[in-house]
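This report is for a reader who is new to the structure shown below. Please look it over before reading on.

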Amino acid sequence: MIKFPKEFVWGVATSSYQIEGAVNEDGRTPSIWDTFSKTEGKTYNGHTGDVACDHYHRYKEDVEIMKEIGVKAYRFSIAWPRIFPEEGKYNPKGMDFYKRLVDELLKRDITPAATIYHWDLPKWAYDKRGGWLNRDSVKWYVEYATKLFEELGDAIPLWITHNEPWCASILSYGIGEHAPGHKNYREALIAAHHILLSHGEAVKAFREMNIKGSKIGITLNLTPVYPASEKEEDKLAAQYADGFSNRWFLDPIFKGNYPEDMMELYSKIIGEFDFIKEGDLETISVPIDFLGVNYYTRGIVKYDEESMLKAENVPGPGKRTEMGWEISPESLYDLLKRLDREYTKLPMYITENGAAFKDEVTEDGRVRDDERIEYIKEHLKAAAKFIEEGGNLKGYFVWSLMDNFEWVHGYSKRFGIVYVDYETQKRILKDSALWYKEVILSNSIEY
Ligand SMILES: CO[C@H](O)c1c[n+]2c([nH]1)[C@H](O)[C@@H](O)[C@H](O)[C@H]2CO
């Protein structure tokens, strides 16, 4: 049995576009994901977040479910297009939804953890010269974040400026898999820079407002990368893949500079870094209160002369989830140790960890998701080992509370510990929810 620290935060996580639905309600206007998901061929079977889990209307039921499971904290995201449906036009009705949600959480002693941006950029922002490509996006974002701090500030103890800047920039403007679906690496780095800059400016605004009892941080998706062999060229491939996935975001935030090796590599591809202005890195690296870590899997690479990063993925030997991601709990331990050693002694939260498996409701109405229980248990063991060695890990949020819109995969991939029947919107606690309830109650895991 492994006991967790007394105040360890047991949470669950979701995001606005993935669960809320009600995309035209109370003044909300389209986000880039509304338009992207409605674009032919972009999502599985043309799935969209139009209805999703209908959480906008069912939030009381969903908070009740969280109470039943016993979660101590709930990480959700706020939909920017509900708060500012048009540039400069605040929509109190949109804010009221989040006030109602936070009230329900606080009534049940569930700590709200709010992500300010989880990819649903308002379409009006994108229509103004490409959203995050426009340096004005920093100003638009700070106006949005400041209004949230004014209206919800001290009711939310944990504020997360951004969810996964890597996905919101590289995956979205460079690789093209996510909205807005651009495939231009220079654009990806410009978007990444403006997202990081908006993070720093929002932290500065948060500090000036002196919001009692609340903390602010950022959530990064981090993927430990291992060389396929001890060959020097494979180690170089791993260095570049690590820079691509991790250091390009960790270094500016915690070291106040972009990594030299990646600047050199990228300069051959994108030319001048003329979008980086005097003082930007000082802003990006303003001190934060915690780091959110989203961990799912690791990468293994071998040298590939032809590829931009000189790296080619090599499949790992471990079992895989429905997403095809190798299950590697020990890599979570390696990641946390590295962050502690090379980047920060600040409190960390695992703000997302979870897995998609083939879930089905059996005759008796149960969902026997033993693989998900195993996945979460093994990653909690890795987390516990880090804590035992003095690691400053303060909490763990399962991705996800409930099955939801899994971006390009639509509703075909289920990550929830609560099953959602999308025909009826019925929620069913999977065995993993019942197991997680026991973990929280005992503040420990049996193995
Ligand atoms: C490599 O996985 C990424 O870090 C990642 C995985 N996930 C995420 N980021 C996003 O934050 C969530 O919105 C996804 O639903 C979730 C599951 O795919």
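The text below goes through the annotated residues, the ligand surroundings, one strand and one loop residue.

The model is predicted, so local features need pLDDT of at least 70, side-chain atom pairs count only at pLDDT 80 or more, and totals for chains, interfaces and linings use all residues. Residues are numbered from 1 along each chain as its sequence is written, and side-chain values use heavy atoms, with hydrogens and water left out.

**Active site annotation**

An unreviewed UniProt entry places the feature "active site" at Glu164 and Glu352. The two span 189 residues in sequence, yet no two of their C-alpha atoms are more than 10.5 Å apart, so they gather at one spot. Glu164 and Glu352 are both included in the lining of the largest pocket. UniProt positions are given in the numbering used here, feature names are shortened, and annotations may be inferred rather than shown by experiment. On a 1 Å grid over the protein atoms alone, a pocket is an open set of points where a 1.4 Å probe fits, with protein on both sides within 12 Å along at least five of seven lines, and lining residues have an atom within 4 Å of a point.

Glutamate 164 sits in the loop between β5 and α8 (165–174). Helices (H or I, at least four residues) and strands (E, at least two) are DSSP runs, numbered from the N terminus. With a relative accessible area of 6%, glutamate 164 is buried; the term means under 20% relative accessible area, while exposed means over 50% and partly exposed lies in between (1.4 Å probe, protein chains only). Beyond its neighbours within four places in sequence, glutamate 164 is in contact (heavy atoms within 4.5 Å) with Trp119, Thr219, Leu220, Asn221, Asn294 and Glu352.

Glutamate 352 belongs to strand β11 (residues 348–353) and counts as buried at 5% relative accessibility. Its contacts, leaving aside neighbours within four places in sequence, include Ala13, Arg75, His118, Asn163, Glu164, Tyr296 and Trp399.

**Binding site annotation**

The annotation "binding site", also from an unreviewed UniProt entry, covers Gln18, His118, Asn163, Tyr296, Trp399, Glu406 and Trp407. From this set, the lining of the largest pocket takes in Gln18, His118, Asn163, Tyr296, Trp399, Glu406 and Trp407.

Asparagine 163 lies in strand β5 (residues 158–163) and is buried at 1% relative accessibility. Among the residues it contacts, apart from neighbours within four places in sequence, are Arg75, Thr115, His118, Trp119 and Glu352.

Tyrosine 296 has its place in the loop between β8 (290–294) and β9 (299–303), and at 13% relative accessibility it counts as buried. Not counting residues up to four places away in sequence, tyrosine 296 touches several residues, including Trp325, Glu352, Tyr375, His379 and Trp399.

**Polar contacts and the ligand**

Within 4 Å, the cut-off for being near a molecule, 14 residues surround the ligand, and the closest are Gln18, Glu164, Glu352, Glu406 and Trp407. A polar contact is a pair of N or O atoms within 3.5 Å; within protein, one must be able to donate a hydrogen and the other to accept it, and residues adjacent in sequence count only if both atoms are side-chain atoms. The table lists such pairs.

| Side chain of | Partner | Distance |
|---|---|---|
| Asparagine 163 | Side chain of histidine 118 | 3.1 Å |
| Tyrosine 296 | Side chain of glutamate 352 | 2.6 Å |
| Glutamate 352 | Side chain of arginine 75 | 2.9 Å |
| Glutamine 18 | Oxygen atom of the ligand | 2.7 Å |
| Asparagine 163 | Oxygen atom of the ligand | 3.1 Å |
| Glutamate 406 | Oxygen atom of the ligand | 2.7 Å |

**Strand β3**

How many of the residues of strand β3 (residues 73–77) are buried? The count is 5 of the 5, so the strand is largely enclosed by the rest of the structure. Ala73, Arg75 and Ser77 cover one side and Tyr74 and Phe76 the other, and all are buried.

Strands pair if DSSP finds at least two bridges between them. Strand β2 (residues 9–13) runs parallel to β3 and is joined to it by 3 bridges; alanine 13 stands opposite arginine 75. Strand β4 (residues 111–117) is also parallel to β3, with 5 bridges, and threonine 115 in β4 is the bridge partner of serine 77.

**Glutamine 425**

Glutamine 425 is in the loop between β13 (418–421) and β14 (426–429) and is buried at 7% relative accessibility. A polar atom of its side chain lies 2.8 Å from the backbone oxygen of alanine 52. Beyond residues up to four places away in sequence, glutamine 425 touches Val51, Ala52, Cys53, Asp54, Arg58 and Val420.
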